[in-house]
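User: I'd like to learn how to read a protein model, feature by feature. Could you walk me through this one?

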Amino acid sequence: MAGVGDEIRLYLRARVALIVLVTIEEQRAVDILDDVRRERDPGADLIVWDVADHFTSAAMPPAGQRPLPETGDPGTALDKIKELANKTPERRDIYLLKDFHEFWGRDPRIRRKLKNLAQQLVYTGSSLVVIAPTRAVPVELRNDAVVVELPLPTAPQLRHELDGLIEGTAGVRAALSGAGRAKLSQAALGLTVAQAKRAFAKAIVRDGALDDRGIDTVLQEKKAVVRESGALEFYPVEESTDDVGGLDALKRWLTLRERAFSEEATRYGLPAPKGIALIGIPGTGKSLTAKMICGLWRLPLLRLDVGALFGSLVGESEERVRLAMQLAETVAPCVLWIDEIEKALAAGGLDGGTSQRVFGTILTWMQEKTAPVFVVATANDVTALPPETLRRGRFDEVFFLDLPTERERREIIAVHLRKRRRDPEAFDVHHLAQISDGFVGAELEQAVIDAMYHAFAENRDVRTADITEALLRTVPLSRSQREVIEHLRAWLRQGRAQPASAAPDRRDPAAERSPGLELDLPHDSGDSGYPDGWDG
């Protein structure tokens with residue numbers, strides 16, 4: 001609370017009479033303002049107005065209270081505040097206005113009264129604070145108001161709430177050490193105080209005690225809250241480097257930075273890495289790589305849905321971007337996955353400039369962020385991105401994911417066989433890699449799945465011949481979109497990105513990447529493509 005409280009104290013001492021406090025946590029805001037009021041002048045009052053309960057005193061303990069007027073009309077409420085302040089101009093009361101964001105946008109009378117009152121309160125000891133869920137302050141008030149954002153609670157603040165819940169609730173059995181409580185508080189990052197308390201209480205009720213199982217409960221609650229934000233989705237960490245075939249150069253780059261967010265790296269003098277851009281052919285594992293990074297670095301993964309950022313109201317899209325970035329910074333250290341970032345410009349300038357403003361807001365945040373949020377941005381169509389998108393300062397490196405080499409195809413096929421509880425040693429993986437030149441990882445995975453469906457329908461186990469037939473039936477992307485892929489490869493040859501795959505060993509002809517896009521596949525003549533007598 002100290003940061004926002006100190007900022008508000010500074011504005012009050014500077015005689016700023018109108019403060020807009022941006023938050024959805026009303027009770028937490030009241031608690032902060034009451035701390036400010038009590039430290040500033042214990043005899044002053046914190047007077048709250050809302051459309052339901054009208055004027056009430058929120059000072060704890062009650063101090064210097066007077067009879068308060070009764071009115072539910074916002075205009076009349078401002079008149080009453082003016083009367084109270086003028087009667088006792090020496091008092092240093094704080095008037096907290098809730099619900100006013102519902103009125104000032106549609107009623108010019110409210111805007112004028114609020115502006116006049118703010119200018120008059122400068123000559124008294126009282127001040128106005130308006131709680132609003134967004135930064136959308138009317139233009140007429142911007143010269144008289146300052147905007148203060150209340151960030152989501154930090155881990156120490158959540159730890160304070162957790163300790164208070166455990167120690168202040170009768171019958172709660174807590175089997176958590178100090179380190180366990182710290183882990184539980186860390187898991188709740190990204191939640192409001194009220195949401196975190198509900199998650200802690202749910203863990204107590206469900207498990208009968210508060211122990212390490214509560215971390216899973218809190219994470220499930222956080223997933224639901226993040227999902228409700230609309231633009232962000234919380235992904236579980238499940239993939240590892242073993243789940244991704246090939247991409248050795250990219251894996252080495254990531255492994256070198258495995259401890260990048262540790263305290264040891266900070267003491268060594270290393271800055272936290274900013275992020276990477278993954279450009280390349282669809283189906284080559286860009287999205288899977290984002291998930292793999294979280295497993296390697298043991299960090300939470302947030303996926304930003306660029307399409308969900310756009311709203312119908314003026315300023316709504318920019319507000320959604322701001323809230324999404326704020327949530328990512330609160331959960332940090334974390335990985336923020338921006339999938340198909342070129343979608344942010346999909347409107348092509350036909351939306352009144354909204355897409356450009358949203359995209360610009362994202363780029364500015366990426367450039368200026370100080371929180372340890374590692375950005376993984378993927379893109380299929382690099383031509384849709386402005387040149388400044390991929391420059392250094394926003395990304396530490398830009399990687400290009402090309403068609404997999406034969407060795408990488410062997411690894412990819414083996415990965416997908418193991419995922420489906422099959423031993424790759426029981427299959428001729430070398431042959432499958434040879435006949436699948438030009439296939440991307442997603443197409444190889446689908447071939448394995450199709451082969452298993454055919455074998456399952458015949459009540460037998462899958463064989464090499466089944467996967468061979470599935471590959472022969474597939475028209476790979478390298479054929480159907482030959483021109484697009486060649487254009488992407490030409491972009492790589494200009495030196496604009498690092499190849500994500502290791503350079504092929506020229507001493508091993510089987511490891512070399514085919515220079516062209518032509519696929520030398522056997523024609524489907526009804527056989528499996530195997531020598532006579534092969535039984536898979």
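User: Let me start with one residue: is Ala-308 buried, partly exposed or exposed?

Analyst: A word on the source: this is a predicted model, where local features need pLDDT of at least 70 and side-chain atom pairs count only at pLDDT 80 or more, while totals for chains, interfaces and linings use all residues. Residues are numbered from 1 along each chain as its sequence is written, and side-chain values use heavy atoms, with hydrogens and water left out. As for the general idea, buried means under 20% relative accessible area, exposed means over 50%, and partly exposed is in between (1.4 Å probe, protein chains only). Ala-308 has a relative accessible area of 22%, so this residue is partly exposed.

User: Where does Ala-308 sit, and which residues does Ala-308 touch?

Analyst: Helices (H or I, at least four residues) and strands (E, at least two) are DSSP runs, numbered from the N terminus. Ala-308 belongs to the loop between strand 9 (301-304) and helix 13 (316-331). Contact means heavy atoms within 4.5 Å. Leaving aside residues up to four places away in sequence, Ala-308 touches Gly-230, Ala-231 and Arg-320. With Ala-231, the C-alpha atoms are 5.0 Å apart in space, although 77 residues separate the two in sequence.

User: How many helices, strands and residues does the whole protein have?

Analyst: The protein has 20 helices and 13 strands. Of its 536 residues, 51% count as buried. Among contacts between residues at least 6 apart in sequence, 76% join residues at least 24 apart.

User: Now to charges. How many salt bridges are there?

Analyst: Side chains of opposite charge can pair when their charged atoms come close. Here, a salt bridge is a side-chain nitrogen of Lys or Arg within 4 Å of a carboxyl oxygen of Asp or Glu. Searching the whole structure gives 31 of them.

User: Which salt bridges does Arg-38 form within helix 2?

Analyst: Arg-38 pairs with Asp-34, and their closest N and O atoms are 3.0 Å apart. Both residues lie in helix 2 (residues 26-40), 4 residues apart, about one turn of the helix. Arg-38 also meets Asp-35 in a salt bridge, at 2.5 Å from N to O. Those two are about one helical turn from each other because they stand 3 residues apart in helix 2.

User: What is the accessibility of these three residues?

Analyst: Arg-38 counts as partly exposed at 32% relative accessibility. Asp-35 is partly exposed as well, at 29%, whereas Asp-34 is buried at 6%.

User: Which residues pair in a salt bridge between a loop and strand 6?

Analyst: Arg-135 and Glu-149 do, with an N to O distance of 2.7 Å. This pair links distant parts of the chain: Arg-135 is in the loop between strand 5 (127-132) and strand 6 (145-149), Glu-149 is in strand 6, and they are 14 residues apart. Arg-135 is partly exposed at 38% relative accessibility, and Glu-149 is partly exposed at 25%.

User: Finally, at what angle do helix 7 and helix 9 pack?

Analyst: Axes are lines fitted to C-alpha atoms, for helices over the stretch in contact, and angles run from 0 to 180 degrees between N-to-C directions. Helix 7 (residues 178-187) and helix 9 (residues 213-228) pack at about 10°, with axes 9 Å apart. Angles under 35 degrees count as roughly parallel, over 145 as roughly antiparallel, 65 to 115 as roughly perpendicular and the rest as oblique. Helix 7 and helix 9 are therefore roughly parallel. Residues making the contact include Leu-184 of helix 7 and Val-218 of helix 9.
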